[in-house]
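User: I would like to learn how to read the packing of two helices from a model. Could you take me through it with a worked case?

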Amino acid sequence: MAYALESLIKVAVVTGVLLGTVAYLVLAERKVSAYIQNRLGPNRVGPWGLLQPIADGLKFLFKEDVIPHHVNRVVYLAAPPAILVPALMGFAVVPFGHTISLFGREVQLQIADLDIGILYILALASLGVYGVVLGGWASNNKYALLGGLRASAQMISYELALGLSLVGVLLMTGSLRLSDVVAVQATQTLFEVLPRWNVFTQPLAFVLFTVAAFAESNRLPFDLPESEQELVAGYHAEYSSMKFAMFFMAEYVHMITASAVIATLFFGGWHVPWLVVPGDTGLGASLLMVAAFTVKTAFFLFLFLWVRWTLPRFRYDQVMRLGWKVLLPLALVNVFITGLVLTLTR
C-alpha cells in the first residue's frame, strides 16, 4: 500500500512538473525567437510576460470547440489524446535523481525503474505517430492527410537511426535499465580526469541520436508534417480549442522527454562529477543531483529552441536522404566499431 501511494505521488508530481514546464516552454520559445529576431516577445501579461502561459491556457479552454461535419468523429476525437498520453508516459522511466531520504524511507527519484527502460521509451516514441496519422486521416482533408503521411514516413525513417544509435551505448553499459546507464557513467572515469560520460566514448552515437530526436519530435528543420507554406498546418489543420492545444502539448512533452533522455544516456543524467558521491542519499546531495539533471535537460531544451529559429526547413527529399543514406549507415558503422573495440579490449 505504501509503495502504491508513493508511486501515485511521484506520478502526480512528475505530471504536474511536465505540464507546467510545457506551459513555460512555450513562453521560452517565444522569448528565444524574439531575441534571435531582435524583438521583444511577450511582455504585457504579468511582469516580463510571465503570466502569458496562463492567459493562453484560459484562451484555449474557452475557445469555441469546432468539429467539422465532414470528419470521422470517433477517430478525430481520439487522435489528440492518442499522441499526448504516450508522450506523458515516456518520462516514467527517466531517473531524475538517485534516491532521497524522506520520513525514514529511501525514495527513488524515478517513477518506474524498468529492466527494459530504453525499449520502453522507443516503443512509446513509436506509438506517438498513430495520433498524428489518425488526426490527419480522420480530418478528411487533403492537406491534413498529406501531413499525416509525411509524419509516418519520417518517423519510420528516423526510428531506425534512433534505435541503432543506442546500440553502442548498450554494448558499453550491458543493461537496458536507464538507472544502470547513469550508474556506469557515475562510477567510472575516463583517463582519470574526465567523467566517463557516453558523450566522450560514443560521440557519433550522441550526434545521431540528437538529430533523430529532432526528427521524431517534428521540430524544425524537420517539421514537414506541418509545413505551413505547403500544407497550411498539416495533420492538425481541422482542430481547434483544447484538441489543437493537445497536439502542441504533446510536441513539447516530446521535447522534454528527448532532452531528458539525451542528458541521461550521454551526459551522466543526475551525475555531478567531482562533487557528489553516487551513493550519497543526503538531502543536499539529492537536491544537487536533481538540479544537475534539470540544468542538463534545460540546455538541450534551449538547443531545440535555438535550432528551430536558426535553420531553415529541409525539403522532403533531403529529409528522407539524410535518414536513409546518412544516419542509418553511420549508425551501423558505429555499432560495428564499438563491437570491434570491445572485442579487442576484453
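User: In which hand does helix 11 pass helix 12?

Analyst: The hand depends on which way the near helix is turned from the far one, clockwise being right-handed; in this predicted model, helix 11 passes helix 12 in a right-handed crossing.

User: At roughly what angle do the axes of helix 11 and helix 12 cross, and within what distance do they come?

Analyst: The axes of helix 11, residues 241-266, and helix 12, residues 283-308, cross at roughly 125 degrees and come within 8 Å. Because of that angle, helix 11 is oblique to helix 12.

User: Which residues in helix 11 and helix 12 meet?

Analyst: On the side of helix 11 they include E251, Y252, M255, I256 and A263, while helix 12 offers, among them, F293, K296, F300, F304 and R308. Sorted by class, the residues of this contact between helix 11 and helix 12 are 12 nonpolar, 3 polar and 3 charged.

User: How do helix 5 and helix 9 cross, left-handed or right-handed, and at roughly what angle?

Analyst: The axes of helix 5 (residues 142-165) and helix 9 (residues 203-216) come within 9 Å and cross at roughly 155 degrees. Angles over 145 degrees count as roughly antiparallel, and helix 5 is therefore roughly antiparallel to helix 9. The crossing of these two, helix 5 and helix 9, is left-handed.

User: Which residues make the contact of helix 5 and helix 9?

Analyst: Helix 5 contributes Q154, M155, Y158, E159, L162 and S165, and helix 9 contributes A205, L208, F209, A212, A213, A215 and E216. By class, the residues of the contact of helix 5 with helix 9 are 9 nonpolar, 2 polar and 2 charged.

Notes:
Residues numbered from 1 in each chain as written. Predicted model: local features only at pLDDT ≥ 70, side-chain atom pairs only at ≥ 80, totals over all residues. Heavy atoms only, no water. Axes fitted to C-alpha atoms, helices over the stretch in contact; angles between N-to-C directions. Helix = DSSP H or I, 4+ residues; strand = E, 2+ residues; numbered from the N terminus. Parallel < 35°, antiparallel > 145°, perpendicular 65-115°, else oblique. Contact = heavy atoms within 4.5 Å. Nonpolar A, V, L, I, M, F, W, Y, C, P; charged D, E, K, R; others polar.
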